[in-house]
Amino acid sequence: MNRKQKAKAIEALDRFRIELPSWGFANTGTRFGKFMQDAAASTLEEKLHDAGLVNALTGACPTVAVHVLWDFDDPTDPASAKTTRRLARKHGVKIGSINPNVFQDQAYKLGSFCSPDASARQSAMDHTLDSVALGAAVGSKSISMWLADGTNYPGQDNIRRRFNDLKDAMKQLHLKMGRSWRGAKLLIEYKPFEPAFYHTDIPDWGASLLLCQHAGPQAKVLVDTGHHLPGCNIEQIVALLLNEGRLGGFHFNDRKYADDDLTLGSIDPYAVFRIFNEIAQFEFEAKKAPGSTPVDYMVDQSHNLKPKLEAMVQTVCEAQKLFVKAQIVDREALARAQAKGDITGAEVLLKSAFDTDVSPALEAWRKGQKLEKDPLAALRKSGVIKQLGRERKKARAERGEEGGSSYA
Ligand code: PSV
Ligand code: MN
Ligand code: MN
């Protein structure tokens with residue numbers, strides 16, 4: 001990379017932040033089984049500790065998304081917000097996006113906000129409003145709504161009735177958030193399949209966008225990269241949402257077949273580059289001050305086999321690398337090529353940025369931040385995963401919890 005590219009890359013790294021998910025540090029599995037890791041985090045404090053460690057190694061992830069039901073014993077307890085803030089501070093991080101859980105309770109068998117049962121819809125709203133109060137109290141800036149709502153068979157329920165109830169609920173939520181949690185974003189995630197098998201109530205970005213437009217200006221679409229049918233052009237979705245001012249953020253992960261939650265860039269790094277490229281292109285055209293694009297980058301991965309800390313550090317480093325590659329595309333030359341209809345020339349400009357070895361910039365930036373040159377290698381060499389495994393195995397045994405087989 002040349003000097004100009006290196007300077008641009010370092011400036012980009014200064015402003016690149018990516019949020020970690022608390023659930024990415026816990027033992028998770030597939031519906032066929034769970035393979036326990038001794039070093040996996042069980043409590044919120046352990047999850048915040050691990051996120052703090054990843055942040056200390058990479059310098060790029062100061063916030064942690066939380067899942068209300070999985071992380072808090074009683075989210076309505078005002079004391080818990082204080083404790084959470086303090087714990088996060090202790091580990092050098094802050095609480096990021098709040099994820100209500102309106103999919104596990106038995107009440108939600110037929111859906112949450114879309115259920116034909118008014119009391120289930122009310123439970124979903126009550127829990128979400130408790131999550132809003134928690135979010136405001138812990139100093140979070142957004143709430144992420146993902147619903148498992150849908151039906152398994154044609155004719156099971158009225159698709160339009162369900163969506164209309166959901167529209168009303170999101171509007172009401174937006175209104176209430178405006179009163180009690182000023183400036184916070186209402187992020188609405190979509191997913192075409194799973195757990196519902198016939199129809200999902202928010203299947204795609206179009207449905208999310210409709211909900212956001214109906215709800216109000218603080219409602220934005222959340223793009224989870226694993227939530228698309230094969231072959232979908234995600235970067236085009238990103239470009240159009242940016243155009244409408246409705247791109248709220250990402251849940252990053254990679255996939256081969258479905259919502260696989262694999263490490264970012266492990267299957268198709270060029271696809272991630274193309275997403276960052278659309279954002280960089282938008283920033284370039286909008287002539288926005290660097291960093292002003294209000295897009296939240298978050299990781300949504302759960303590693304059932306890979307050691308969780310390794311996977312997270314690997315993900316953050318990969319995200320930094322691909323973000324930087326998209327930043328060094330020669331945008332003036334690209335505009336000239338596009339205006340001339342020079343298809344090959346334009347494509348080569350993207351490919352050459354993607355092929356550029358950006359490690360000199362990453363290393364220089366890490367040196368400037370007093371970080372290790374290679375965070376993943378440093379983590380693997382440190383023995384910390386083994387040590388956490390020993391400590392946590394013992395602590396679990398003392399609490400009388402399931403120990404689990406070991407990786408580390
Ligand atoms: C659902 O597949 C999802 O992507 C949502 O974002 C949930 O909050 C998360 O996964 C839970 O793992
Ligand atoms: Mn997600
Ligand atoms: Mn998912």
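A residue is counted as exposed if 12 or fewer other C-beta atoms lie within 10 Å of its own, and as buried if 20 or more do. In this predicted model, that cut-off applies directly to Glu194, which counts as exposed because it has 12 C-beta neighbours inside 10 Å. Glu194 sits in the loop between S6 and S7, where its phi is near 65 degrees, a positive value in a residue other than glycine. The peptide bond that joins Glu194 to Pro195 is cis, with omega at about 5 degrees, and Pro195 is likewise placed in the loop between strand S6 (185–189) and strand S7 (199–200).

A positive phi is also found at Lys370, near 60 degrees, in the loop between helix H13 (359–368) and helix H14 (375–382); Lys370 has 7 C-beta neighbours inside 10 Å and therefore counts as exposed.

Turning to the interior, the largest nonpolar core has 99 residues, and Val54 and Ile188 are those with the most contacts inside it. Helix H10 (residues 308–327) gives the most to this core, with eleven residues. Leaving aside residues up to four places away in sequence, Ile188 touches Met145, Met170, Ile202, Ser208, Leu211, Cys212, Ala219, Val221 and Leu222.

The residues around ligand 1 include Glu189, Lys191, Trp23, Trp146 and His251, and the whole shell divides into two nonpolar, three polar and five charged residues.

At the level of the chain, an unreviewed UniProt entry annotates residues 72–278 as "domain: Xylose isomerase-like TIM barrel"; over that range the chain is 42% helix and 15% strand, with the end C-alpha atoms 37 Å apart.

Conventions. Residues numbered from 1 in each chain as written. Chains lettered and ligands numbered in written order. Predicted model: local features only at pLDDT ≥ 70, side-chain atom pairs only at ≥ 80, totals over all residues. Near = placed C-beta within 6 Å. Nonpolar A, V, L, I, M, F, W, Y, C, P; charged D, E, K, R; others polar. Core = buried A, V, L, I, M, F, W, Y, C linked by C-beta atoms within 7 Å. Helix = DSSP H or I, 4+ residues; strand = E, 2+ residues; numbered from the N terminus. Contact = placed C-beta atoms within 7 Å. UniProt positions renumbered as here; feature names shortened; annotations may be inferred.
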